[in-house]
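Visitor: I should like to go through this model and ask, term by term, on what grounds each description is applied.

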Amino acid sequence: MLISRRTLCVGTSALTLASTLSIPKLARATAPFAQPPLPYDQGALSPVISATTVGLHYGKHHSAYFKNLNSLVLGTQYETLPLEEVVKATASSNGATSKIFNNAAQAWNHNLYWEQFTPGGDDRPSGRVSSELESTFGGWDGFVKEALTTSDNVFGTGWVWLTRGDEGQLKLVGYEDANNPMVFGKPAYLGIDLWEHAYYLDYTNRKADHIRATLEKIVNWNIVAKRMGV
Ligand code: MN
């Protein structure tokens, strides 16, 4: 009985001590990157993007990129870097860090994605955003048309991004998979997710309808203006 009690006491003390010592380090090490909260209700973008799609896209896909990233960077040099730095540092590696890049970039891409929408819809862009769309694409219709053409040129999964070209003008680019303008030293003003998980439940194969509705109804152009610094 005495031996049992002593063993139990030692065991408990050791366990308590270990827990006390390791909790802060463990908490930091297991989740260096946190998914930002969705800035509106799950159903707030409906009917352009349904509550079901947002639930899966934000709650499963985006969440999984963070979960995978946190697991992949554990014990690496990337563990303590800001998310942007992880994306940039792993972008051009020859495959060695491609898993980290894919998850870090997708985590970052979707942070921008959710932030740029507004519940209940928004008007067309105004001010400097509008005038730049006018001078680059010939106006709103030209911008939407160019966005659809750009998305068609991405064969598989990927993104359409509003960014700037080398001359400083606005530019729409299409990148496959997780790639984004930041990788090429360019700003990301607006990102349209072309992965099927973004639209298939709501639009099946009508990807163009999804992109058009997204651009016309739920983009928060004030956020885009803020990203452009205007
Ligand atoms: Mn996505």
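Guide: This is a predicted model. A suitable starting point is threonine 204, which lies in the loop between α7 (200–203) and α8.

Visitor: What makes threonine 204 count as exposed or buried?

Guide: The limit for an exposed residue is 12 or fewer other C-beta atoms within 10 Å. Threonine 204 has 11 C-beta neighbours inside 10 Å and therefore counts as exposed. Its phi is positive, about 45°, although threonine 204 is not a glycine.

Visitor: Why is a positive phi worth noting in such a case?

Guide: Most residues other than glycine have a negative phi. Aspartate 177, in the loop between β2 and β3, also has a positive phi, near 55°.

Visitor: Why is aspartate 177 called partly exposed?

Guide: A buried residue needs 20 or more neighbours, an exposed one has 12 or fewer, and partly exposed is the class in between. Aspartate 177 has 16 C-beta neighbours inside 10 Å, so it counts as partly exposed.

Visitor: What is notable about the peptide bond between serine 46 and proline 47?

Guide: That bond is cis, with omega at about 10°. Most peptide bonds are trans. Proline 47 belongs to the loop between α1 (2–30) and α2 (51–72).

Visitor: How do you know whether α5 and α9 are roughly parallel or roughly perpendicular?

Guide: The axes of α5 (residues 127–137) and α9 (residues 221–228) cross at roughly 80° and come within 9 Å. Angles of 65 to 115 degrees count as roughly perpendicular, and α5 and α9 are therefore described in that way. In this contact, Gly127, Arg128 and Val129 of α5 meet Trp221, Val224, Ala225 and Met228 of α9. By class, these residues are five nonpolar, one polar and one charged.

Visitor: What describes the packing of α6 and α8?

Guide: Helix α6 (residues 140–152) and helix α8 (residues 207–218) pack at about 140°, with axes 10 Å apart. The crossing is right-handed. Val144, Ala147, Leu148 and Ser151 in α6 meet Lys207, Ala208, Ile211, Arg212 and Leu215 in α8. Six of the contact residues are nonpolar, one is polar and two are charged.

Visitor: Which residues have the most contacts inside the largest nonpolar core?

Guide: They are Ala147, Trp159, Val160, Trp161, Leu190 and Ile192, in a core of 26 residues. Among the elements that give two or more residues to this core are α5, α6 and α8, while β1 gives the most, with four. Apart from this core lies another, of 16 residues, including Val73 and Ile100.

Note on methods: Residues are numbered from 1 along each chain as its sequence is written. This is a predicted model: local features need pLDDT of at least 70, side-chain atom pairs count only at pLDDT 80 or more; totals for chains, interfaces and linings use all residues. Axes are lines fitted to C-alpha atoms, for helices over the stretch in contact, and angles run from 0 to 180 degrees between N-to-C directions. A crossing is left-handed if the near helix is turned anticlockwise from the far one by less than a right angle, and right-handed if clockwise. Two residues are in contact if their C-beta atoms, placed from the backbone, lie within 7 Å. Ala, Val, Leu, Ile, Met, Phe, Trp, Tyr, Cys and Pro count as nonpolar, Asp, Glu, Lys and Arg as charged, and the others, Gly among them, as polar. Angles under 35 degrees count as roughly parallel, over 145 as roughly antiparallel, 65 to 115 as roughly perpendicular and the rest as oblique. A nonpolar core is a set of buried Ala, Val, Leu, Ile, Met, Phe, Trp, Tyr and Cys residues joined through C-beta atoms within 7 Å.
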